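Let's take a walk through this protein together, one stop at a time. Keep the structure open beside you as you read.

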Amino acid sequence: METIKSITDFIFVSDEPQRADAIMVVGGSFPEAAELAADLWKKSYAPYIFIGGGVSIKTGKFPGPKTKRNIYCGNYKTEYDFYRDILIKNGVDDSAIFGENRSSYTKQNAAFAKIAVDENCVSIKKAILICKSFHARRCLMFYQLYFPDVNFFVVTFDGFGISKENWYKNEYSIKRVIGELKRCAEQLSADEIKALSNSKTSE
């Protein structure tokens, strides 16, 4: 169980939400991510929400909602369109929503979020980062890379039913989590690792 605990502690990064300058939602097709962002915004955890996501790099299109298709049934072209609709339906002011609709994978989510933040002249020192629980380490890794001076609070939901308590109990969940370990090791260059080591928020 020591190995399981080590993997769990590394992959399943999680923080309690704290007051911040912005909420950032990593691209995807789970409505729970944007619903969580809307709830935190309404509770005044942050004044702005940055959403990201274009189409799937595998299929070249938005696959549709993973859950709650009866509630969110619009003709969504991108993840951005999907998230925006959810935020507005859940009471977020249009003026509080920023983002991009071009990214197709996690690293691009972070890179294009940085562009969106700069284009809108928003100063961010603290941010809430919302993503699937088993995706948390890789998301934090890339957002730290592109926002080296920002202190992130990672707030998660259990996509595909995978949680820190159960991921090692069935073959599908094990493959997803071990896949994240592999991607964390493969998707950073030596220069990017050096940059992360100098990040204000590096662990």
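Start with Ser-29, which sits in the loop that joins β1 (22–25) to α2 (31–42). Keep in mind that you're looking at a predicted model. Is Ser-29 buried or exposed? It's buried, because its relative accessible area is just 8%, and the cut-off for buried is under 20%. So what does Ser-29 touch, once residues up to four places away in sequence are set aside? There's a run of partners from Phe-62, Pro-63 and Gly-64 through Pro-65 and Lys-66, plus Phe-82 and Tyr-83.

Those last two, Phe-82 and Tyr-83, take us to helix α3, residues 79–89, where both are buried. They have company there: Glu-79, Tyr-80, Ile-86 and Leu-87 of α3 are buried too. Because these buried residues span an arc of only 160° around the axis, they end up on the same side of α3. And what covers them? Among the elements doing the job are β1, α2, β2 (49–52) and β3 (97–100). Just past the helix, have a look at Gly-91, which follows α3 and has a positive phi, near 90°.

Next up is a pair of helices. α4 runs over residues 106–119 and α5 over residues 136–146, and the two pack at an angle of about 35° with their axes 9 Å apart. The crossing of α4 past α5 is right-handed. From α4, the contact draws on Thr-106, Lys-107, Asn-109, Ala-110, Ala-111, Ala-113 and Lys-114. From α5 come Arg-138, Cys-139, Phe-142, Tyr-143, Leu-145 and Tyr-146. Sort the residues of this contact by character and you get 8 nonpolar, 2 polar and 3 charged.

Cys-139 in that contact brings us to the cysteines. How many disulfides does the structure hold? The count is 0. Take Cys-131: the nearest cysteine sulfur belongs to Cys-139 and lies 4.0 Å away, and Cys-131 is in no disulfide. A disulfide needs the two sulfur atoms within 2.5 Å, so a pair beyond that cut-off doesn't count. Cys-131 is buried, since its relative accessible area is 3%. Cys-73, on the other hand, counts as exposed because its relative accessibility is 59%.

We finish with another serine, Ser-173, which you'll find in helix α6 (residues 171–186). With a relative accessibility of 3%, Ser-173 counts as buried. Leaving out residues up to four places away in sequence, Ser-173 touches Ile-162 and Trp-167.

Conventions. Residues are numbered from 1 along each chain as its sequence is written. This is a predicted model: local features need pLDDT of at least 70, side-chain atom pairs count only at pLDDT 80 or more; totals for chains, interfaces and linings use all residues. Side-chain values use heavy atoms; hydrogens and water are left out. Buried means under 20% relative accessible area, exposed over 50%, partly exposed in between (1.4 Å probe, protein chains only). Axes are lines fitted to C-alpha atoms, for helices over the stretch in contact, and angles run from 0 to 180 degrees between N-to-C directions. Helices (H or I, at least four residues) and strands (E, at least two) are DSSP runs, numbered from the N terminus. A crossing is left-handed if the near helix is turned anticlockwise from the far one by less than a right angle, and right-handed if clockwise. Contact means heavy atoms within 4.5 Å. Ala, Val, Leu, Ile, Met, Phe, Trp, Tyr, Cys and Pro count as nonpolar, Asp, Glu, Lys and Arg as charged, and the others, Gly among them, as polar. The arc is that of the directions from the helix axis to the C-beta atoms.
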